[in-house]
Amino acid sequence: MFSRVLKPVTVVAAQNGAKNFSTTSQRNFKVVVAGASGGIGQPLALLLKQNPLVTQLALYDIAPVTPGVAVDLSHMDTPAKVTGHKGPEELSAAIKGADVVVIPAGVPRKPGMTRDDLFNTNASIVRDLAKSVAQNAPKAILAIITNPVNSMVPIASEILTKVIINLFTPKIGALSSSCGIPARCTKYQLLSQSQPAVKLTDQGKIKALTERIQEAGTEVVKAKAGGGSATLSMAYAGARLTNSVLRGLKGESNVVECAYVKSNVSEAAYFANPVVLGKNGVEKNLGYGKLNAFEQELLKAAIPELLKNIKTGEDFAKK
Ligand code: APR
């Protein structure tokens with residue numbers, strides 16, 4: 001009941017006819033980072049420049065420093081060719097022919113900013129980027145980091161029907177392979193399914209750890225004394241997800257990652273749990289497995305908020 005095969009969302013391997021007759025898998029991929037000059041974007045680009053599967057790395061941002069970020073990275077002795085693209089007039093060139101587009105573009109929440117301010121700004125950014133992907137790289141796979149993800153994914157999904165969006169956020173190393181429901185207020189780690197197994201029986205400790213994971217973003221903001229939010233761990237999460245998507249595209253089997261994707265595993269139209277990535281993007285949704293009583297309560301409590309977030313995104317996209 002909780003797992004179903006999703007329709008193939010992208011067909012990346014068949015972009016040129018010759019590849020259909022080739023016995024070798026595609027191993028040359030173009031990856032775009034949109035929002036590449038930011039706190040997440042720069043370390044994300046640095047990690048992707050070291051990925052042997054990435055042959056072309058296009059950095060897009062509205063910040064004037066962007067061509068410089070590309071020149072800086074191009075001095076690394078790894079094979080990926082790096083290009084810099086600054087401002088909307090250079091967006092199409094950045095996106096053209098992309099296999100994967102990772103989006104950390106947007107504004108982080110700043111003091112005095114309401115949730116609505118943040119939503120409207122970031123929603124417009126994600127909408128415009130998704131439109132460009134639809135026009136210039138309709139087969140590309142999207143990975144969205146921009147907050148609030150619960151709403152950003154439905155926006156992009158509405159705009160680009162062949163979209164898959166993933167957000168994988170291993171906030172605490174030991175728990176990185178477990179999955180939860182994404183984004184603050186609706187995010188919970190399924191500790192009962194963590195690998196390696198979390199051997200906790202004390203309910204108080206389980207509750208405390210659950211709350212700590214839920215507040216992981218705030219933990220970083222506090223530790224940075226108001227001087228920034230989570231950027232490096234987010235960059236790592238984005239790079240890890242991108243690598244898994246590329247491994248799937250090149251034909252590797254059994255590539256499993258957590259992803260927030262359109263699905264019917266829960267009452268909500270989008271949900272985060274393990275999925276199998278393959279040549280067509282999300283090949284199979286593995287569902288969220290068996291929940292214990294504590295986790296069932298968490299899910300029940302999260303669903304109304306998640307439904308609201310999804311509707312907000314879908315309504316914005318329809319405007
Ligand atoms: N197109 C492309 N890039 C843009 C656009 C746009 N329309 N608008 C803003 N950007 C760029 C900024 O120029 C900046 O370089 O996005 C980058 C954002 O970087 P930061 O402000 O440093 O924010 P960061 O901490 O990286 O977070 C980005 O990820 O986790 C979320 O909540 C976070 O939504 C925020 C996003």
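Let's start with one residue: Asn-122 is buried, with a relative accessible area of 1%. Please keep in mind as we go that this is a predicted model. Asn-122 sits in helix H5. What does its side chain reach? A polar side-chain atom of Asn-122 lies 3.3 Å from an oxygen atom of the ligand. There is a second partner as well: the backbone oxygen of Asn-147 is 2.9 Å from a polar atom of the Asn-122 side chain.

While we are on helix H5, have a look at Leu-118, which also belongs to that helix. Is Leu-118 buried or exposed? Its relative accessibility is 9%, and the cut-off for buried is under 20%, so Leu-118 counts as buried. Now find Pro-108 on your screen. Leu-118 and Pro-108 are 10 residues apart in sequence, and their C-alpha atoms are 7.5 Å apart in space.

Now to the ligand itself. Which residues come nearest to the ligand? There are 20 residues around it, and the nearest are Gly-39, Ile-40, Asp-61, Pro-104 and Asn-147. You have met Asn-147 already, as the residue whose backbone oxygen lies 2.9 Å from the side chain of Asn-122.

The backbone takes part here too. For Gly-38, a backbone N or O atom lies 3.2 Å from an oxygen atom of the ligand. For Ile-40, a polar backbone atom is 2.9 Å from a ligand oxygen. How much of the ligand does the protein cover? On its own the ligand has 730 Å² of accessible area, and the protein covers 81% of that. Two elements give two or more residues to the shell around the ligand: strand E2, residues 54–61, and helix H5, residues 115–136. Sorted by class, the shell has 10 nonpolar residues, nine polar ones and one charged one.

Strand E2 takes us to the sheet. In what order do the strands lie? Five strands form an open sheet, in the order E3-E2-E1-E4-E5, and the pairing is parallel. At the edges are strand E3, residues 81–86, and strand E5, residues 141–144, each of which pairs on one side only. From one strand to the next, the twist averages 15°. If sheets are new to you, here is a bit of background: strands of a sheet pair through backbone hydrogen bonds, either parallel or antiparallel. Let's zoom in on one pair. E2 and E3 run parallel and share six bridges, and across that pair Leu-57 stands opposite Val-82 in E3.

Just past E5 there is something to look for in the backbone. Pro-148 lies in the loop between E5 and helix H6, residues 149–159. What is the peptide bond from Asn-147 to Pro-148 like, cis or trans? That bond is cis, with omega near -5°. For context, most peptide bonds are trans, and most residues other than glycine have a negative phi.

That second point brings us to two more residues. Ala-225 is not a glycine, yet it has a positive phi of about 50°. You will find Ala-225 in the loop between helix H8, residues 216–223, and helix H9. Its relative accessibility is 70%, so Ala-225 counts as exposed. The other one is Asn-254, with a positive phi near 60°. Asn-254 lies in the loop between H9 and E6, and at 68% relative accessibility it counts as exposed.

Let's stay in that loop a moment, for Lys-250 is found there, between helix H9 (232–249) and strand E6 (255–262). Is Lys-250 buried or exposed? With a relative accessibility of 14%, Lys-250 counts as buried. Its side chain makes a polar contact of 3.3 Å with the side chain of Glu-252. Lys-250 and Lys-279 are 29 residues apart in sequence, while the distance between their C-alpha atoms is 6.4 Å.

Our last stop is strand E6. How many of the eight residues of E6 are buried? Six of them are, and E6 is mostly covered. E6 pairs with strand E7, residues 270–278, in the antiparallel sense over eight bridges. In that pairing, Val-255 has Leu-277 in E7 as its bridge partner.

To close, go back to Asn-122 on your screen: the residue is buried, and its side chain has a polar atom 3.3 Å from a ligand oxygen. Thanks for listening!

How values were computed: Residues numbered from 1 in each chain as written. Predicted model: local features only at pLDDT ≥ 70, side-chain atom pairs only at ≥ 80, totals over all residues. Heavy atoms only, no water. Helix = DSSP H or I, 4+ residues; strand = E, 2+ residues; numbered from the N terminus. Buried < 20%, exposed > 50% of the residue type's maximum accessible area, 1.4 Å probe, protein only. Polar contact = N/O pair within 3.5 Å; in protein donor to acceptor, adjacent residues only side chain to side chain. Near = heavy atom within 4 Å. Areas by Shrake-Rupley, 256 points an atom, 1.4 Å probe, with all protein chains shown as cover. Nonpolar A, V, L, I, M, F, W, Y, C, P; charged D, E, K, R; others polar. Pairing = 2+ DSSP bridges. Axes fitted to C-alpha atoms, helices over the stretch in contact; angles between N-to-C directions.
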